[in-house]
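Could you walk me through this structure in my viewer, one selection at a time? I am new to it and would like to know what to click on and what is there.

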2 protein chains.
Amino acid sequence: MKALILAAGEGRRLKESAAKGKIYFPKPLTPLLGLSLLERTILNLRENGIEEIFIVTGYQGEKIKRFIKDGSRYGVKVSYIDNDQWTKGNGSSVLAAERTLKKESSFLLIMADHVMQPGAVKKLLESDEQVKPGEVYVLVDYKCQKVFRIEEATKVLVDSDGRILDIGKDIKDYNAVDCGVFLCTSGIFQALSDEALEGRHALSDGIRRLAKNGMVKGVDIGEEWWIDVDDKWDLEEARKRLLESLRSPRDGLISKLINRRLSIPISGLVASTRVTPNMISFLNFLVACLSAAAFIKGLWPVGGLLAQSAAVIDGVDGEIARLKYMATKYGAYFDSILDRYGDALIIFGMTLGWYLAHSEVFIWLLGSAALIGSPMSMLGKEKFHALTGNPYYPEKYDGFLRYVPANRDGRLFLIMLGSIFGQLPLVLGILAVITNVLAFGRLVMVRKVLCR
Amino acid sequence: MKALILAAGEGRRLKESAAKGKIYFPKPLTPLLGLSLLERTILNLRENGIEEIFIVTGYQGEKIKRFIKDGSRYGVKVSYIDNDQWTKGNGSSVLAAERTLKKESSFLLIMADHVMQPGAVKKLLESDEQVKPGEVYVLVDYKCQKVFRIEEATKVLVDSDGRILDIGKDIKDYNAVDCGVFLCTSGIFQALSDEALEGRHALSDGIRRLAKNGMVKGVDIGEEWWIDVDDKWDLEEARKRLLESLRSPRDGLISKLINRRLSIPISGLVASTRVTPNMISFLNFLVACLSAAAFIKGLWPVGGLLAQSAAVIDGVDGEIARLKYMATKYGAYFDSILDRYGDALIIFGMTLGWYLAHSEVFIWLLGSAALIGSPMSMLGKEKFHALTGNPYYPEKYDGFLRYVPANRDGRLFLIMLGSIFGQLPLVLGILAVITNVLAFGRLVMVRKVLCR
């Protein structure tokens, strides 16, 4: 499917609301966590499998073209459509694309300045097979109470069949909000032309005209969020929501309570630099090496705090990858192998450090048992994933074992705690027990799932 | 798709050729490596996704029914069709199924006493979409020089388009051999009826009739093999080929040269018992534990030989699973986790044993490094598989690293060699180097494959 991005407007309110010296123009190029709004929209589309994109430019269009170029940097093909009528209204920008897109059975229409996750756009694309000629499907949000500054939003009245009855910024009777993403057929061009003849040039005018003929349907955005960035408060809210969405429902307890609270603000800072996720994975490994070195030197609390730092940094690589659409399979591979080495080196450092300090040979038994158990959680999960094609969900398959803190966040936190109190043998013993109990316990737990 | 298995014949030649006291009857129930010929055929079909099977019985049909029952034990639905005309010829057995199958657009026809791998049947099934009404597709083998006792086989003459021109046991002009598997449409029933009216009752008579009208095509079995089991020599050859097919192109060098040569004969013996693959995986783990115990006791050569025994037994579980269609995802999971524990315990045993014997602390450094590297090969492979959905092929991705003997077969063989010569520190050092070099080397090697 092809997509049309509207990027012709001036965005005066963002300009006026922004602090001096922080004025970014034109608005589609405004940076947000390391990517401009327009780049976010392009990458969102690519994530949804759209590879051919048309951008309608108007205000300072040359700047946009110089910045985005042919799109190859983003893995898509970008072409430009100039709209010298852009001051009239955004409907004119859609009309400017009529010649290019009128023969498409359907195409996606999206605003350059609307921020949302790929999952939101996906909801609309999934209904593509149902769109009939002449119709337009609109992504709508029924969670009106959660919409940021609803007074600025375009409201819609949707009936129980999803048919849109009315649309407008100031309608009184509404039950949802237009999210600014449309699945269009060429019907939109006729409607906008007709409206233009009557002097109305907004996209919502065209949609209203189609809606009166029963040709517009709403598609629920569900639990996803979206933000129309008009001024600096919107921008701040978009930033907040993007960062908040980095939390994963699969995070362990320590991740949830501690690590994410530290890693997300760090990611917020790192996102606007050129630091890549793989660099952070490597940094995470280096910090683990430093932790091991500190343990060998007998600096228990330093080693422990460095181990916990590694756990925090371990979150940042994935967060940056998701924030900036930089996730690669190689990154996931690189990260998980280096994590296992980091874990192993920390355990080895604790063991050797304790031995050098106390000459107690039994520590090698504890250390070896902890070393053996350390990679087993990941081994089991990856083997499961490789065999079934589905990720291993501890909360689904682990039964009561899911309360064992044998994930990386739990293990490194235990190490920090024990190190602060100088209880290295105790920590190594606990690690040895929980990791190996989990591995053998899973042999029982996954039996039902994996036996056919 | 439904399938029809012909199991009505007497199999007199097998009876006559078998040694006294070793007479199995009726022939479809003759055991071959732990499964009867008929069970092998049923499980082969299930492996190919066929779940509804009709078996034509004649000679001692009640015995067959009592043995196979409703097929639920094999994960399929089995129904029976009695053919009291079976002495006339095998065409009569196909005709007995006319009422049951004539409305199917196509069905698979296979002989109960033909042994082959699921991959062979799959070749024929893959051409299902091309079969036109009235046609029959025959699985044929162009590797005439490799066919076991070709004088007994039904030959076919196939033209360059795959069209079969002639078929028969005694035709002089042929270029391939009929493998006894057919993709039929209802055309076969008409042809067999017509032949029967003229007094000919063999399946090949019906096929010849269709072939004369250009309605029969040959589908190449390719590199797969097949055997029509008529007497004890055929049975012996089938056994040999089934066992030989247990070798895997992905076996490491030591596996190829040593371990498989021992494990395959063991599997040949174990197959006819009730021992399951998971029991063998567990035995493999126990032998690894014994090896570790021997090392701790200072019995280097005993420990080394037990380690190598574990490597041999490690082949048997998978071989039995494939031989007896018992492969499950759980078995693969169970085996690989226990293997990692076995490996780790052997390394730990060597380290502790050497320390107890010599009180040299440096052995713990070597042991720890070897313990850290030991699971990394599997970790990398499984992560790759989980990320891409495809197995990791060392020969494809490892570059020059594929010559590093860091797979389990190589590692355990090194341990045996070193132990016999009492060189435990040397072996642990080598293991530490090769496993960790491989893990870090792969971080470089897989970059191209995994970066999009």
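Here is a tour that goes from the pair of chains to the cavities, the salt bridges and two backbone spots.

**Before you start**

This is a predicted model, in which local features need pLDDT of at least 70 and side-chain atom pairs count only at pLDDT 80 or more, while totals for chains, interfaces and linings use all residues. Residues are numbered from 1 along each chain as its sequence is written, chains are lettered from A and ligands numbered from 1 in the order in which they are written, and side-chain values use heavy atoms, with hydrogens and water left out.

**Stop 1: the two chains**

Colour chain A and chain B separately. Chain A superposes on chain B, with an RMSD of 0.1 Å, after a rotation of 180 degrees and 0.1 Å of shift along the axis. The two copies are thus related as by a two-fold rotation axis. The fit is by least squares on the C-alpha atoms of residues with pLDDT of at least 70 in both copies.

Now select A:Ala386. Among the residues of chain A, its C-alpha comes closest to the rotation axis, at 2.1 Å. Both copies use the same surface, as 100% of the contact residues of chain A recur in chain B (contact means heavy atoms within 4.5 Å).

**Stop 2: the cavities**

Next, look inside. The whole structure holds six cavities of 30 Å³ or more. A cavity here is a set of points on a 1 Å grid over the protein atoms alone where a 1.4 Å probe fits but cannot get out, and lining residues have an atom within 4 Å of a point. Grid points are joined across faces, edges and corners, and a volume is the space filled by probe spheres set on the points.

Which residues line the largest cavity? Select A:Arg340, A:Ala344, A:Leu371, A:Ser374 and A:Pro375, then add B:Leu371, B:Ile372, B:Pro375 and B:Met376. They surround about 70 Å³ of space. At least two lining residues each come from α13 (329-358) of chain A and α14 (362-373) of chain B; helices (H or I, at least four residues) and strands (E, at least two) are DSSP runs, numbered from the N terminus. The lining divides into seven nonpolar residues, one polar and one charged. In this scheme Ala, Val, Leu, Ile, Met, Phe, Trp, Tyr, Cys and Pro count as nonpolar, Asp, Glu, Lys and Arg as charged, and the others, Gly among them, as polar.

For the second largest cavity, select A:Leu371, A:Ile372, A:Pro375 and A:Met376 with B:Arg340, B:Ala344, B:Leu371, B:Ser374 and B:Pro375. Here α14 (362-373) of chain A and α13 (329-358) of chain B give two or more residues each. This cavity holds about 50 Å³ of space, and its lining has seven nonpolar residues, one polar and one charged.

**Stop 3: salt bridges**

Over all chains there are 62 salt bridges, each a side-chain nitrogen of Lys or Arg within 4 Å of a carboxyl oxygen of Asp or Glu.

- Select A:Arg163 and A:Glu135: their closest N and O atoms are 3.1 Å apart. The two sit 28 residues apart, A:Arg163 in the loop between β9 (155-158) and β10 (164-168), A:Glu135 in the loop between α6 (118-125) and β8 (136-141) of chain A. A:Glu135 is buried at 4% relative accessible area, whereas A:Arg163 is partly exposed at 23% (buried means under 20%, exposed over 50%, partly exposed in between, with a 1.4 Å probe and protein chains only).
- Move to B:Asp314 and B:Arg408, whose closest N and O atoms are 3.1 Å apart. B:Asp314 lies in helix α12 (residues 300-323) and B:Arg408 in helix α17 (residues 408-420) of chain B, so the pair ties together parts 94 residues apart in sequence. Both B:Asp314 and B:Arg408 are buried.
- Back in chain A, select A:Asp314, A:Asp339, A:Arg340, A:Asp343, A:Arg408 and A:Arg411, which are linked in a network of salt bridges.

**Stop 4: two backbone spots**

Select A:Tyr325, in the loop between α12 (300-323) and α13 of chain A. A:Tyr325 is not a glycine, yet has a positive phi of about 50 degrees. Is A:Tyr325 buried or exposed? A:Tyr325 is buried, at 13% relative accessible area.

Finish at B:Lys69, in the loop between α3 (61-68) and β5 (77-82) of chain B. B:Lys69 has a positive phi of about 55 degrees, again without being a glycine, and counts as exposed at 52% relative accessibility.

Key. 1 Å grid on protein atoms, 1.4 Å probe; cavity = no way out; pocket = protein on both sides within 12 Å on 5 of 7 lines; lining within 4 Å.
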